[in-house]
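The exercises below concern how a protein surrounds its bound molecules. Please work through each task before reading the solution that follows it.

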Amino acid sequence: MNLKKTILITGGAGFIGSHLVRLYVNKYPDYKIINLDKLTYAGNLANLKDIEDKANYEFVKGDIVDADFIHDLFCKYEFDGVIHLAAESHVDRSITNPTEFIFTNIVGTTNLLNAAKFIWKENNKENLFYHVSTDEVYGSLGKTGFFVETTPYDPRSPYSASKASSDHLVRAYYHTFNLPVVISNCSNNYGSFQFPEKLIPLFINNIRENKPLPVYGKGENIRDWLYVEDHAIAIDTIYHNGKIGDTYNIGGHNEWTNIALIKVMCKEMDKRLGRKIGTSEKLITYVKDRAGHDLRYAIDSTKLQEELGWKPSLQFEEGIERTIGWYLENEDWLKNVTSGQYQKYYEEQYEKR
Ligand code: NAD
Ligand code: DAU
């Protein structure tokens with residue numbers, strides 16, 4: 001096989017990472033894709049079962065916080081490019097244990113930047129360090145307005161503060177060391193293979209099991225939802241056509257209050273499960289608000305649309321139906337994840353080989 005590029009994708013066993021790995025392995029047979037993942041509670045190799053035996057794919061288990069390991073990995077593979085998604089990603093966990101977020105999101109990103117800087121100064125290949133970030137770095141909007149690429153940073157949770165720090169470091173390595181970088185900041189993703197601690201898969205699972213639906217505060221917070229496969233396509237577009245040193249906002253132009261979104265999900269679940277319409281809504285339970293809960297996120301992705309021609313492919317109504325359908329049809333995946341069984345998958349698949 002004549003491989004044109006070797007690309008490192010970090011966090012490829014997670015939600016968005018697994019969609020990106022699948023896209024790259026299938027779309028670019030002449031790229032070698034190395035998926036580096038620590039397999040924390042959020043990493044699940046079962047997300048990649050359909051591509052794990054492909055010739056252009058390799059999985060490496062490892063921790064981006066381990067600087068020596070990362071350095072050696074870059075020396076071994078001489079990556080042409082890096083797409084960095086590995087992170088602690090759940091806001092609620094960052095409130096109960098901020099330290100883990102500092103290590104993975106800040107120290108881990110710095111280790112990757114240092115290793116890229118080390119190997120890329122010595123060769124002339126076309127290189128790119130692509131850092132995947134979030135709209136949460138911009139803070140919280142009031143009832144109007146949108147985040148644009150120049151909106152000042154105002155992170156308000158330990159998660160968003162750690163992501164903002166990593167964005168600053170990536171830009172600092174561009175300005176100080178000429179490291180070729182690009183950053184994207186995306187809104188809330190939804191779709192298959194999302195760990196059911198996040199709103200949409202958690203609520204699908206709870207409705208299925210007739211458990212309470214814990215709505216934080218009054219459910220009036222607003223998020224801008226994007227189908228995960230559209231995020232993966234946006235990353236691919238930016239990776240190949242984005243301008244070095246630039247930032248691109250990615251979003252769905254699809255704002256929902258949590259409570260309105262939850263009601264749509266309840267109705268669709270009632271239909272699918274053959275329940276009387278209104279049954280699942282009765283599970284809604286208002287609980288104590290998230291500390292420092294950001295009111296509203298909304299992305300203006302005009303730059304990405306006008307400069308690089310990307311736009312979301314899917315209407316939300318179709319995306320949410322498809323997503324609910326996927327979780328109901330993949331009960332085994334959901335059961336494995338909720339029971340913790342999936343953590344045995346790596347052991348069975350790899351350590352005994
Ligand atoms: P996720 O939590 O589903 O996956 C994260 C992955 O990173 C997991 O596979 C985990 O095992 C791995 N990981 C964690 N710590 C690691 C470490 N120290 N070393 C190596 N691997 C490690 O997250 P996600 O929702 O897929 O998000 C991926 C990226 O996209 C994150 O950087 C996140 O900030 C960003 N993002 C997410 C969203 C969203 O809505 N989910 C939106 C915008 C941006
Ligand atoms: O905006 C992008 C971000 O979106 C990403 O950077 C994060 O990695 C990702 O987790 C997501 O963050 P949110 O905090 O917006 O997502 P979450 O699914 O945790 O919550 C969505 C909204 O639903 C939020 O307003 C909190 C609320 N919520 C969440 C949970 C888990 C509830 O009301 N009840 C819940 O049980």
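**Exercise 1: the shell around ligand 1**

In this predicted model, α1 (15-27), β5 (128-134), α5 (158-177) and β7 (188-190) each supply at least two residues of the shell around ligand 1.

Task: establish which element gives the largest share of the shell around ligand 1, and how the residues of that shell divide by class.

Solution. Begin with the size of the shell: ligand 1 is surrounded by 29 residues, and the closest of them are Ile16, Asp37, Ser89, Tyr159 and Lys163. Among the contributing elements, β5 provides the largest share, which amounts to three residues. Sorting the shell by class then gives twelve nonpolar, twelve polar and five charged residues.

**Exercise 2: polar contacts and cover of ligand 1**

Task: find which polar atoms of Gly14, Phe15 and Tyr159 lie within 3.5 Å of an oxygen atom of ligand 1, and state what percentage of the ligand's accessible area the protein covers.

Solution. Take the backbone first: an N or O atom in the backbone of Gly14 is 3.0 Å from an oxygen atom of ligand 1, and a polar backbone atom of Phe15 likewise lies 3.0 Å from an oxygen atom of this ligand. Turning to side chains, Tyr159 places a polar side-chain atom 2.6 Å from an oxygen atom of ligand 1. As for cover, ligand 1 has 840 Å² of accessible area on its own, of which the protein covers 97%.

**Exercise 3: the surroundings of ligand 2**

Task: describe the shell around ligand 2 by its closest residues, its classes and its contributing elements, then determine which side chains offer polar atoms to the ligand's oxygen atoms and why the ligand lies between two domains.

Solution. The shell of ligand 2 holds 24 residues, with Thr134, Asp135, Tyr159, Arg290 and His293 the closest; by class, ten are nonpolar, eight polar and six charged. At least two residues of this shell come from each of α6 (199-208) and β8 (213-216).

Next, consider the side chains: an N or O atom of the Asn188 side chain is 2.7 Å from an oxygen atom of ligand 2, a polar side-chain atom of His293 is also 2.7 Å from a ligand oxygen, and for Lys198 the corresponding value is 3.3 Å. Taken alone, ligand 2 exposes 700 Å², and the protein buries 94% of that area.

Finally, ligand 2 lies between domain 1 (5-190 + 225-250) and domain 2 (199-222 + 257-294 + 315-342), because both domains give residues to its shell.

Technical notes. Residues are numbered from 1 along each chain as its sequence is written. Chains are lettered from A and ligands numbered from 1 in the order in which they are written. This is a predicted model: local features need pLDDT of at least 70, side-chain atom pairs count only at pLDDT 80 or more; totals for chains, interfaces and linings use all residues. Side-chain values use heavy atoms; hydrogens and water are left out. A residue is near a molecule or strand if one of its heavy atoms lies within 4 Å of it. A polar contact is a pair of N or O atoms within 3.5 Å; within protein, one must be able to donate a hydrogen and the other to accept it, and residues adjacent in sequence count only if both atoms are side-chain atoms. Accessible areas come from the Shrake-Rupley method with a 1.4 Å probe; for residues, only the protein chains shown count as cover. Helices (H or I, at least four residues) and strands (E, at least two) are DSSP runs, numbered from the N terminus. Ala, Val, Leu, Ile, Met, Phe, Trp, Tyr, Cys and Pro count as nonpolar, Asp, Glu, Lys and Arg as charged, and the others, Gly among them, as polar. Domain bounds come from an automatic or database domain assignment.
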